[in-house]
Amino acid sequence: MVEIPYGKRMKPRYVRFLIITAVGIALVAFGLDIPWLLITLIVLGVLNTVVCVGALYVLTKQPHTVSADELRLRQLGFFDWRIPTEDLGHAQVAERTHKGQRSVEVIGDALVIQSLTRTNVSVPFHEPQLVDLGKTGARQVERVEFWADDPERAVREINARTT
């Protein structure tokens, strides 16, 4: 199994959120003398810290992967899809910007797993695949587009297992 990291673009954003949270709580703690508001802001800051640390952990420890049997695509802890390699066509580097509303959604005939509105790997399927994203229901897609930190390597590793 080969890892395909995808968090390089998002990690700095979460680190900035952590810094802003720490600085914001410190400034509020020194500037306010309203105990209930201070406690509320500290609780919200702690929750934000937990979310950011969790996201950083998932980005590091749960990358996309490809093996002889499957391509496994993830988006933080919210999406995990396993596609058998025999269903995959020839992958290619294809950098695109998407105007989608969600980080994982069906746009046209593609399942798009975007990183800050961008994808850079496109993998067609031999036959349309059914993907269920919950709220929007099951939809058929003809390809998947996703972000990889090193798209050339990702394409090389995927194609080595599909040909």
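Gly77 is exposed in this predicted model, with a relative accessible area of 62%. Because exposed means over 50% relative accessible area, the 62% of Gly77 places this glycine in that class. Its setting is a loop, the one that runs between strand S3 (70-75) and strand S4 (79-84). A helpful reference point for anyone turning the model on screen is Asp149: Gly77 and Asp149 are separated by 72 residues in sequence and by 18 Å in space, taken from C-alpha to C-alpha.

Ser115 offers the opposite case. This serine also lies in a loop, here between S7 and strand S8 (118-132), yet Ser115 is buried, its relative accessible area being 1%. The cut-off for buried is under 20%, so Ser115, at 1%, falls in the buried class. Once neighbours within four places in sequence are set aside, the contacts of Ser115 are Tyr6, Arg9, Met10 and Trp147.

Just before that loop comes a hairpin, formed by S6 and S7 with two residues between them. The two strands, S6 at residues 104-107 and S7 at residues 110-113, pair in the antiparallel sense, and four bridges link them. Within this pairing, Val104 faces Ile113 of S7 as its opposite number. In the turn, Gly108 adopts a positive phi of about 65°. As a general guide for viewing such elements, side chains in a regular strand alternate between the two faces of the sheet.

Stepping back to the whole chain, the secondary structure amounts to three helices and nine strands. Followed along the sequence, these elements give the pattern β-α-α-β-β-β-β-β-β-β-β-α. Of the contacts between residues at least 6 apart in sequence, 65% connect residues at least 24 apart.

The overall dimensions are worth a look as well. The C-alpha trace spans about 65 × 30 × 25 Å along its principal axes. The radius of gyration is 19 Å, whereas a compact globule of 163 residues would have one near 15 Å. Buried residues account for 38% of the 163 residues.

The surface and the charges complete the description. About 9400 Å² of the protein is exposed, and 59% of this area is supplied by carbon and sulfur atoms. The protein carries 19 positive and 18 negative charges, and the mean positions of the two sets lie 7 Å apart.

Methods
Residues numbered from 1 in each chain as written. Predicted model: local features only at pLDDT ≥ 70, side-chain atom pairs only at ≥ 80, totals over all residues. Heavy atoms only, no water. Buried < 20%, exposed > 50% of the residue type's maximum accessible area, 1.4 Å probe, protein only. Rg over C-alpha atoms; globule rule 2.2 N^0.38 Å. Contact = heavy atoms within 4.5 Å. Areas by Shrake-Rupley, 256 points an atom, 1.4 Å probe, with all protein chains shown as cover. Lys, Arg positive; Asp, Glu negative; His and termini not counted. Charge placed at Lys NZ, Arg CZ, Asp CG, Glu CD. Pairing = 2+ DSSP bridges.
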